[in-house]
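Hi,

Here's the structure I said I'd pass along. Have a look at it first, and then read on for what turned up.

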Amino acid sequence: MEEYDVSIYANPSVKEVEGLINKTEISIDYDARTTKKYYKIGYYGKLQEYYLRAACAEYEKRLSRFCKLQCVELEPVALPERPSEKEIAVALEKEAQPLLKRKKGFTIAMCIEGKQLDSPQFAQIFQRAAVQGDAAVTFFIGSSYGLADSVKQAANLRLSMSAMT
């Protein structure tokens, strides 16, 4: 079994980027055998900080040689300042519909109760998806209250980057 290793580092410090444009550094290490695939990231909310937007644009540009990456920003459902559990559940289900319409290929729901993987394990997920014939990988990232259960259940994998929220 071949192993693909992809590492991404974005490290803008406040001191480096204050008043500067395009100062975000991104390095991408990749295995040259990586096949060109389609990756879609659907998430709620907008990146406000210019350095994060710059990092995303640079990341997308660098990956364009190896895959098609599409980031889809969706507007979260408005909630009162102190929503009840029921209001949160209703909002999450409303947010689920646009995400599920964008489900394509192998889907990964980013959620705190998901599996934590190291880089080689994460690379194996992509390799298995390719072997199974999935031409696309879609990541679902929820709003501040997470993802609806229907989105998590529809995903092929529940993934957590960390136990921190």
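Before the volume, a word on terms: a cavity here is a set of grid points where a 1.4 Å probe fits but cannot get out, and its volume is the space filled by probe spheres set on those points. Keep in mind that this is a predicted model.

With that in hand, the largest cavity comes to about 30 Å³ of space. The structure holds one cavity of 30 Å³ or more. What lines the largest cavity? Ten residues do, and Leu 92, Glu 95, Leu 99, Leu 147 and Ala 148 lie nearest its centre. Helix H3 (residues 85–101) gives the largest share of that lining, with four residues. By type, the lining splits into seven nonpolar residues, two polar and one charged.

Now the charged pairs. How many salt bridges does a search of the whole structure find? Three.

Two of them involve Glu 58. One is with Lys 61, where the closest N and O atoms are 3.6 Å apart. These two residues sit three apart in helix H2 (residues 50–63), so about one helical turn separates them. The other is with Arg 62, at 2.7 Å from N to O. Here the spacing is four residues in helix H2, which again means about one helical turn.

As for how open this spot is, Glu 58 is partly exposed at 23% relative accessible area, and Arg 62 is partly exposed too, at 36%. Lys 61 is exposed, with 54%.

The remaining bridge to look at is Lys 152 with Glu 113, whose closest N and O atoms are 2.6 Å apart. Lys 152 belongs to helix H5 (residues 149–154) and Glu 113 to strand S5 (residues 106–115), so this pair ties together parts that are 39 residues apart in sequence. Is each partner buried or exposed? Lys 152 counts as buried, at 12% relative accessibility, because the cut-off for buried is under 20%. Glu 113 counts as partly exposed, at 44%.

Back to helix H2 for a moment: through shared partners, the salt bridges join Glu 58, Lys 61 and Arg 62 into one network.

If you want somewhere to start in the viewer, try Leu 92 and Ala 148, which are among the residues nearest the centre of the largest cavity, and then go to the Lys 152 and Glu 113 salt bridge.

Cheers

Terms used. Residues are numbered from 1 along each chain as its sequence is written. This is a predicted model: local features need pLDDT of at least 70, side-chain atom pairs count only at pLDDT 80 or more; totals for chains, interfaces and linings use all residues. Side-chain values use heavy atoms; hydrogens and water are left out. A salt bridge is a side-chain nitrogen of Lys or Arg within 4 Å of a carboxyl oxygen of Asp or Glu. Buried means under 20% relative accessible area, exposed over 50%, partly exposed in between (1.4 Å probe, protein chains only). On a 1 Å grid over the protein atoms alone, a cavity is a set of points where a 1.4 Å probe fits but cannot get out, and a pocket is an open set with protein on both sides within 12 Å along at least five of seven lines; lining residues have an atom within 4 Å of a point. Ala, Val, Leu, Ile, Met, Phe, Trp, Tyr, Cys and Pro count as nonpolar, Asp, Glu, Lys and Arg as charged, and the others, Gly among them, as polar.
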